[in-house]
Amino acid sequence: MGRIMGATLLVWFLIIATTSVSLCNGNPGVACKESERLALLMLKQDLTDPSNRLSSWAGESDCCQWTGVVCDNLTGHVRELQLDDPHFNSSLGGKVNPSLLNLTHLTYLNLSYNNFQTEIPSFFGSLESLTHLDLSQATFVGLIPHELGNLSSLRDLCLSSNFMLKVDNLLWISGLSQLEHLDMSNLDLSKASDHWLPAIQMLPSLVELHMSACSLQYIPLLPIINLTSLAILDLSYNLFNSFMPGWVFSFRTLVSLILSGCGFQGPIPSSSTPHNITSLREISLFGNQLTNPIPEWLLSNKDLTLLDLGLNLFSGPIPGGIANMTSLKVLHLEVNSFTSTIPEWLYSFHNLESLYIYSNHLHGEISSSIGNLTSIIYLELGYNQFEGTIPNSLGNLSSLESLDFSANQLHGTLPKTIGQLKRLTDLDISSNSFEGVVTEAHFTHLTSLKSFRAVGNSMTLKTSRDWLPPFQLGSMWLDHWRLGLELPLWLRTQTQLQSLSLSGTGISGTIPTWFWNISSHLSYLNLSDNQLHGEIQYISSGSASVIDLSSNQFNGSLPLVSSNVVRLDLSNSSFSGSVIHFFCDAKTGPKLLTFLHLGNNYLSGNIPDCWMNWLYLEAISLENNNLTGNIPSSMGYLRGLAVLHLRNNQFSGELPQYLQNCTRLVVVDLSENHLSGVLPMWIGKSSSNLVVLSFRSNMFQGVISDQLCNLSRLQILDFADNDLSGTIPRCFGNFSGIANLSMSPASSRYFDNYGVYGENTFLVTKGRVEEFGKILGLVASIDLSSNNLSGEIPEELTNLFSLQTLNISANHLTGRIPPMIGRLKQLESLDFSRNQLSGEIPPSIMFLTFLSHLNLSHNNLTGQIPQSTQLQSLDESSFLGNELCGSPLSKNCSASKVTPPTIERERGYDLLDDKWFYLSLGLGFAVGFWSILGSLLVNMPWSFAFSRFLNSIVLKLYAVIVEYV
């Protein structure tokens with residue numbers, strides 16, 4: 001009987017317990033309180049709800065049945081409001097009405113993932129029953145109200161990812177004595193940098209602390225912290241930039257420690273002992289500046305499941321102590337300087353799921369024991385120096401999803417066992433020395449494959465014409481493979497492709513119609529460097545797409561382009577005819593194009609004035625075509641234009657004034673055209689970011705304005721072969737970009753963004769035309785040759801210490817070669833020929849040790865050629881047409897009684913070059929002068945006597961002059 005009664009009571013207890021709270025739908029037997037229903041309606045009134053998510057909040061219906069409302073089943077009081085929008089498809093906005101205070105039994109409030117764009121209401125601090133408050137990623141702004149510190153019952157507080165939210169201090173947090181979970185990641189806590197840790201210590205029940213990316217700048221080096229329940233500590237991506245404090249390892253209950261990207265330097269503290277951290281399972285120290293040694297207490301933790309030491313400064317062999325961590329599931333050692341082979345013990349980690357050791361200096365062969373890593377899911381070994389072949393045992397890794405062998409020295413053929421990896425989604429074997437034939441058998445079971453990258457290998461793909469691949473790829477890069485004479489027909493089946501690169505694969509013929517159906521979904525397409533031909537009518541693609549069809553044999557008119565193409569390269573083909581239809585096509589709307597390369601074709605006619613449709617352009621290359629007419633003024637609409645290449649066309653007229661609106665220009669190459677007029681003064685005013693400026697081989701005339709000297713970042717200046725007159729501005733010595741050659745922010749941005757497209761500039765240096773590509777940002781050159789410049793060579797040019805090429809030949813320059821020409825120690829090419837220079841060759845020219853091309857011919861230079869190995873090794877043509885003697889000329893100086901110029905070799909210290917010498921000289925003169933003059937002014941008898949003495953000397957000198965003159 002007692003057992004029956006006990007069972008009955010237990011049943012009733014379970015019924016009451018399981019029905020005490022209604023999950024969203026409430027209990028039809030107990031309706032919500034009228035006052036709380038009205039409070040919710042007032043709350044809704046002030047909210048914006050574009051998706052009508054709160055449509056159920058209406059009328060006289062039971063509010064316990066409303067969306068996001070959870071009531072107590074027994075009392076009908078509202079206990080929870082779950083108004084979060086994790087999918088961002090029905091976000092609420094507006095303001096939160098104070099009527100929320102009428103929900104006096106509210107314990108759970110979740111407004112996360114919404115779009116309020118307002119401050120957190122201070123009255124939230126009066127919701128005394130709250131135990132859970134989640135306002136994360138709800139776009140709240142401004143200061144966090146201190147009133148939140150009144151929520152003494154709060155256990156969970158989530159404010160993360162409100163990027164415009166900040167604090168003036170964190171002292172208010174001490175009132176949250178029951179808090180167990182605190183997430184303030186991605187807030188601005190910079191003003192609490194000096195006291196955040198003491199404030200956190202006032203939370204004795206804290207279990208989780210997330211303060212990632214909070215702009216904290218100081219971490220105290222306290223010996224011990226009194227947070228006895230802390231299990232998760234995340235301080236990643238703050239700005240500590242200090243040594244790592246030992247106290248972060250002192251929590252006996254700590255399970256997860258995340259200190260990535262904090263700027264910690266030096267070794268990991270070794271003061272902790274293993275018994276203090278027995279609960280630690282995950283530690284992430286990624287992206288710091290940590291160095292050897294790795295402490296023994298860390299390496300001896302056998303229960304650790306995640307160890308992330310990636311992107312640090314560790315070196316030497318992979319630490320053998322890691323062999324003790326047999327429970328590891330995730331190991332990150334990437335982007336360090338480890339230099340060993342893969343240790344054999346690592347292959348025995350049967351629990352390992354993720355191994356990241358890419359971007360080190362690891363070497364040796366990959367052992368067949370790799371097949372023992374049967375739990376591995378992510379295997380990233382790229383960017384090392386591994387050699388040998390891929391072992392067949394790789395096929396045993398049945399759980400493998402991502403495999404990266406890229407940028408190593410692996411060779412041989414691709415093993416067919418790789419086709420057994422049924423779960424493989426990403427495969428990258430790029431930049432190795434693989435060879436041989438890849439057939440359908442290699443892909444037999446790769447049904448999950450999504451990405452295949454294998455560029456830079458000498459492999460051949462052979463499949464039947466009717467092959468149906470078992471996979472649906474999203475990305476495929478097979479550059480420099482041999483694919484046959486046509487685009488593989490099986491590509492028709494790849495309807496999910498977003499990225500396709502088949503550059504240099506030997507395909508030819510015309511692009512079939514079915515391929516354009518695929519390309520309409522692509523965000524990246526590269527078919528460059530093939531033998532494709534025929535006409536292209538229209539190029540469509542996926543969103544934000546990059547299209548590279550350069551270096552083929554396409555002909556006919558330029559194709560029309562869909563508006564969502566962002567980068568387009570049709571260079572080095574045979575497109576011809578007018579460009580009017582291309583630039584003025586308005587059917588597809590304004591263009592999003594940022595990069596346009598149409599160079600090296602046969603395009604002709606005028607460029608139309610339709611550039612207002614291309615407002616996002618940053619780089620334009622139309623070089624080496626047959627384009628004529630004026631440069632259109634509507635180019636002035638391209639406010640973001642950084643690069644303009646119009647070289648080697650037949651443009652004429654003056655530069656349009658509207659180009660001065662393009663204030664972000666970095667590279668301008670208008671060389672080899674028929675442009676005329678004076679050099680516009682606005683270039684030096686509005687184009688301060690210019691790094692490359694070339695007007696070579698045009699018909700510009702007039703003087704070179706001093707305004708040009710404002711181009712402080714200029715590294716390449718080429719005005720050769722024009723009709724410029726006047727003198728060379730002395731202020732050319734102010735080109736700091738040449739004086740101290742280092743890539744300016746503007747040029748660095750340009751070469752980073754567009755260097756991948758083979759940016760180049762042609763320069764005349766060392767007497768020949770050379771093309772500069774990848775190293776263009778490291779070149780410094782001035783060429784003013786073949787003009788009508790006169791006057792002397794400015795001495796200030798010798799301030800351009802990093803100058804590599806200087807050519808001012810074929811002008812009417814007079815005077816002497818600057819005596820300090822030897823200061824230009826980086827000069828490789830110097831041409832002063834065909835001028836009217838006179839005097840001797842300065843002896844300092846012997847210090848130009850990098851000089852490989854020198855031409856001083858056809859001037860009026862006299863005397864002996866300075867003797868140095870560098871000069872005597874040059875051809876005698878460099879000195880012809882002068883009155884010079886000495887090697888390498890056959891004319892002997894002794895017969896002409898010419899004395900060789902002398903120069904004191906450089907010493908470790910030069911008194912005349914010491915600024916302190918002149919300072920002390922001036923001070924000595926001033927002290928001596930005023931000592932004498934001061935004493936004369938104070939002592940009048942001395943002054944009169946000294947005056948009479950000077951008068952007598954003057955009279956005697958006068959008598960001598962009169963007598964003898």
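1. A residue is called buried when its relative accessible area is under 20%, exposed when that area is over 50%, and partly exposed in between. On that scale Arg730, with a relative accessible area of 49%, is partly exposed. The structure discussed here is a predicted model, and the points below should be read with that in mind.

2. The side chain of Arg730 meets that of Glu796 in a salt bridge, at 3.1 Å from N to O. Because Arg730 lies in the loop between β53 and α8 (736–739) and Glu796 lies in the loop between β57 and β58 (805–807), the pair ties together parts that are 66 residues apart in sequence. Glu796, at 27% relative accessibility, also counts as partly exposed.

3. The strands that precede these two loops are themselves paired: β53 (residues 723–726) and β57 (residues 788–792) run in the parallel sense over 2 bridges, and Ser725 has Asn788 of β57 as its bridge partner. Strand β57 also pairs with β59 (residues 812–815), again in the parallel sense, over 3 bridges, with Ser790 standing opposite His812 in β59.

4. The loop between β53 and α8 also holds Cys731, whereas Cys709 lies in the loop between β51 (699–703) and β52 (716–718), so their link ties together parts that are 22 residues apart in sequence. The sulfur atoms of Cys709 and Cys731 are 1.9 Å apart in this disulfide, which is right-handed, with 60° about the S-S bond. Both cysteines are buried.

5. A second salt bridge involves strand β52: Arg696 and Asp718 approach with their closest N and O atoms 3.1 Å apart. This pair links distant parts of the chain, since Arg696 is in the loop between β50 (692–694) and β51 while Asp718 is in strand β52, 22 residues apart. Arg696 is buried at a relative accessible area of 16%, and Asp718 is buried at 1%.

6. How many disulfides does the structure hold? There are 5, and when the bonded cysteines are counted along the chain they follow the pattern 1-2, 3-4, 5-6, 7-8, 9-10. One of them joins Cys64 to Cys71, with an S to S distance of 2.1 Å; the torsion about its S-S bond is about -100°, so this disulfide is left-handed. Cys64 counts as buried at 1% relative accessibility, and Cys71 counts as buried at 2%.

7. Another disulfide is formed by Cys584 and Cys610, whose sulfur atoms are 1.9 Å apart, and with 85° about the S-S bond this link is right-handed. Cys584 lies in helix α6 (residues 580–584) and Cys610 in the loop between β43 and β44, so the pair ties together parts that are 26 residues apart in sequence. Cys584 is partly exposed, with a relative accessible area of 27%, whereas Cys610 counts as buried at 14%.

8. Tyr616 is also found in the loop between β43 (602–606) and β44 (619–621). Together with Leu592, Met612, Leu615 and Tyr637, Tyr616 forms a nonpolar patch on the surface, with about 500 Å² of accessible area for the group. By contrast, Leu675, which lies in strand β49 (residues 674–678), is buried with a relative accessible area of 0%; its C-alpha is 7.4 Å from that of Leu655, and the two are 20 residues apart in sequence.

9. The structure holds 10 salt bridges, among them one between Arg37 and Glu34, where the closest N and O atoms are 2.6 Å apart. Being 3 residues apart in helix α2 (residues 34–45), these two are separated by about one helical turn. Arg37 is buried, with a relative accessible area of 5%, while Glu34 is partly exposed, with 44%. Both belong to a network of salt bridges that also includes Glu60.

10. A final point concerns an open sheet of 5 strands in the order β22-β24-β26-β28-β30, paired in parallel. Why do β22 (363–365) and β30 (458–461) each have one side left without a neighbour in the sheet? They stand at the edges, each with a single partner strand, so that side is left open to no other strand of the sheet. From one strand to the next the twist averages 20°. Strand β28 (residues 433–438) pairs with β30 in the parallel sense over 4 bridges, and Glu435 stands opposite Ser458 in β30.

Methods. Residues are numbered from 1 along each chain as its sequence is written. This is a predicted model: local features need pLDDT of at least 70, side-chain atom pairs count only at pLDDT 80 or more; totals for chains, interfaces and linings use all residues. Side-chain values use heavy atoms; hydrogens and water are left out. Two strands pair if DSSP finds at least two bridges between them. Axes are lines fitted to C-alpha atoms, for helices over the stretch in contact, and angles run from 0 to 180 degrees between N-to-C directions. Patches are made of residues with over 30% relative accessible area and no salt bridge: like charges are joined within 9 Å, nonpolar side chains (Val, Leu, Ile, Met, Phe, Trp, Tyr) within 5 Å. Accessible areas come from the Shrake-Rupley method with a 1.4 Å probe; for residues, only the protein chains shown count as cover. A salt bridge is a side-chain nitrogen of Lys or Arg within 4 Å of a carboxyl oxygen of Asp or Glu. A disulfide is a pair of cysteine sulfur atoms within 2.5 Å. Buried means under 20% relative accessible area, exposed over 50%, partly exposed in between (1.4 Å probe, protein chains only).
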